[in-house]
Amino acid sequence: MRNIKILTITVLLLGAVSCFKDLDTVPLDPDILSADAVYKQPGAYRQVLAKLYAGLALSGQEGPAGQNDISGIDEGFGQYLRGFWYHEELSTDEAVVGWNDQTIKDFHAQSWADGDVFVYAFYSRLFVQIALTNEYIRETTDAKLDSRSTSAAMKAEVKRYRAEARFLRALSYWHALDNFRNVPFATEDDVVGAFVPKQKDPKELFQYIESELKAILPDLADSRANEYGRADKGAAWMLLAKLYLNAEVYIHEARYTDCLTYCEFILNAGYELEPTYANLFLADNHKSKEIIFPVAFDGLNTRTYGGTTFIIHASVGGSMIPEQSGISEPWAGTRTTQQLIEKFPSDLTGIKVDFNAGQTVLYPKLYVPGSHQGWDFTDLLNSLAATSTVAPNNKIYEGHKYFSSSNTRIFLTTIPAPTAPKYGDNGANGTLEISGDTIRIPQAGLHFFKVNLNTKTYTIEKRTWSIIGTATGGVDVNLSWDPANEKLVADAPLVVGTFKFRANQDDAINLGDNGTDALLELNGTEIQIAEPGNYKISLDVDKPDYTYQIKLTSFDHRGMFYTDGQNLEINDLTLFTEGYAVNKFKNITSDGMQGKDTYYPDTDFPMFRLADVYLMASECLLRIPGGDKNRAADLFNAVRTRAFTGSSGNFTVEQLDLPIILDERARELYWECHRRQDLVRFGQFTDGTYKWAWKGGVKDGAAVESYRNIYPIPSQDLGANPGLSQNPGY
């Protein structure tokens, strides 16, 4: 892909982009080859197909800039995916940008005009992509292949390549239909340079895309059987489903039954929801079985200032640490609005009660050096604490210590230094002596210490801890040791009710919380659970004050927002710290490793993925008269179950309706180039009742004219092609 020189013929764009008088010439530039010369080279058909796929990810021949496919347009904002993202996201409640680049803020204000440079850049990119695919399809006819004495095996391979090129053309025509509606049209049957493209009305273009996708299905690889990043039957089914889902917008005909049909094909094609939502947006997301069709990126071989380079860099700024997103440099541009944030739980951490250190730092310490920690007498964290902070020290210490091995040996000392006096036990009888023998702990596990230096005595008791109460159904839920955090933890489903901690499954030693301050007292008040769900309960009994944490794990984990130093409300669009940052896409792998490059990410963009299919099918079942509402709820809840790591976020059949689906699509698919289309379909993009911050250029949001549901035909193309008419309203 990186070594191909663009064919002269393929860069002769449609009249919709530029006009040429005589295109039937032989190139003079020695770096530019004619089509016949190119296709005589081994592997050329595959290489040029790679260029077509690269048209979604790259902007020219060198990367990240140089030998631009489109002269006169910036290679950063002129890249396909970046332009697509601007149109689908910046114009909605999901994204704002702080930069003052030309007219970029007009997207969110919904005040763009027909001379907008960003609209023109994306429009041009669409038709460059269409022109390139047209030329490839021209050069792969049976007649062309026969004229080059192509082998039967290669002809069979090229047949599939050609179907994929037709898919890519249909994809770009769909983007053109969705964004611009009434667009110029040309195919491989139109002679290059001999005509001016005519404008297609939406119904004609809709029918063309539909017929093309159906025609190529037999020639595409089966779902999930093609090379990663290339189109297969699943990708074509998905594009057909998208076309039908929005047919009522495009051609004023409801085609939800057809959409559902193709969704069902995908649901039965072997795709799987990614178990961990966040992994879909990381540097190794190519491993996911959920992604149906990606735009693929590679930090070494696919370098661009658009694509996921733009998405990740632009989202990092303020107090964010770029390295935590896998990049070396923040661009500090894009954030989101309060209206998107409010669709998620108010607490994005799930923590209902957090640890309280109390006065632990003030308590005098008794240190426990031993074989369990390499006899480090200077380890200040390896200690027990006095039971009182009142001076003078009462010399009574307690706390819990975990030992991973049996026959652990320890000393006790009040001074954390190797030369300090240390207490041992010569008789192993619970009596302490200065410089006595090491104290032996026979069993591994958690042990409770109580040491009285007034009487020089101690007790060590092995303990287990559990929680019990009405919230647990009256049964003990055992806590286990978490060595990484040095806490006792339990993951358990809890119901509305109360619980307490108890040792050795015996109420003789039980802990509650009298002050609801996360500090535990012996025989204290039972702890409240206010909502059902899956919880992680953590207990810290290392030393007084004993404390705990309650974390709801079955909450919506999809809200990946950065809030430290960020204001929820946006008063000034130019400030990155106004509006929460979105930390969804990262150049980090699922096991925490950096991508191959710290500037250009390996993170692929999931153009189509399975969760979208679940929600599309659910929506169709609600829209189809007599549709199966139970199945709609099941499909909808499959997405929610992944988000909540359980069923606590599920909706009943009676609760589920179309507005809920619209909100769920925002929660599941934000920043993935679906939002504008969804809002248009639901009548909320322009003149609907839904408003978001700075829509219409007003802080609290304002409705705009409905003609802005589509973008204008750029004035540059209207001037080049007198056969084009402007979209209504512009």
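The legends below describe five close-up views of a predicted model.

**View 1. The open sheet that contains strand β25.** Five strands form this open sheet, in the order β6-β25-β24-β19-β18, and their pairing is antiparallel. The strands at the edges are β6 and β18, the latter made of residues 480-482, and each of these two pairs on one side only. If direction is ignored, neighbouring strands of this sheet are turned against each other by 35 degrees on average. Elsewhere in the sheet, strand β19, which covers residues 487-494, runs antiparallel to β24 and is joined to β24 by seven bridges. One residue to look for in this pairing is V489, whose bridge partner in β24 is S538.

**View 2. Strand β25 and the strands on either side.** Strand β25 spans residues 547-552 and is mostly covered, since five of its six residues are buried. Strand β24, residues 533-540, runs antiparallel to β25 and is joined to it by six bridges, while the hairpin that leads from β24 to β25 passes through six residues. Strand β6, residues 351-353, is also antiparallel to β25, and two bridges join this pair. A helpful residue to find in this view is I550 of β25, which stands opposite I537 and is also the bridge partner of V353.

**View 3. An open sheet running from β7 to β15.** This view shows an open sheet of five strands, arranged in the order β7-β8-β9-β14-β15 with antiparallel pairing. Its edge strands are β7, residues 365-367, and β15, residues 457-462, each of which pairs on one side only. Neighbouring strands here are turned by 20 degrees against each other on average, when direction is ignored. At the β7 edge, three bridges join β7 to the antiparallel strand β8, which covers residues 383-386, and K365 has A385 as its bridge partner in β8.

**View 4. Helix α15 and what packs against it.** Helix α15 consists of 16 residues, 629-644, and reaches 22 Å from its first C-alpha to its last, which is close to the 22 Å expected at 1.5 Å a residue. The helix nevertheless bends by about 25 degrees at N637, and N637 is also one of its buried residues, which include A632, A633, L635, F636 and V639 as well. In an α-helix there are 3.6 residues a turn, so residues three or four places apart point the same way. The buried residues of α15 pack against α11 (256-267), β28 (605-609), α14 (610-623) and α16 (658-669). At the start of the helix, a side-chain oxygen of D628 comes to within 3.1 Å of the backbone nitrogen of N630. The residue that follows α15 is T645, and its phi is positive, near 50 degrees.

**View 5. The surroundings of K343.** Residue K343 is found in the loop between α13, residues 338-341, and β6. Is K343 buried or exposed? K343 counts as buried because its relative accessibility is 15%, and the cut-off for a buried residue is under 20%. The side chain of K343 makes a polar contact with the side chain of D663, at 3.4 Å. When neighbours within four places in sequence are left aside, the residues in contact with K343 are D93, D663, A666, R667, R675 and Y690.

How values were computed:
Residues numbered from 1 in each chain as written. Predicted model: local features only at pLDDT ≥ 70, side-chain atom pairs only at ≥ 80, totals over all residues. Heavy atoms only, no water. Buried < 20%, exposed > 50% of the residue type's maximum accessible area, 1.4 Å probe, protein only. Helix = DSSP H or I, 4+ residues; strand = E, 2+ residues; numbered from the N terminus. Pairing = 2+ DSSP bridges. Axes fitted to C-alpha atoms, helices over the stretch in contact; angles between N-to-C directions. Expected span 1.5 Å × (residues − 1). Bend = angle between axes of the 7 residues up to and from the residue. Contact = heavy atoms within 4.5 Å. Polar contact = N/O pair within 3.5 Å; in protein donor to acceptor, adjacent residues only side chain to side chain.
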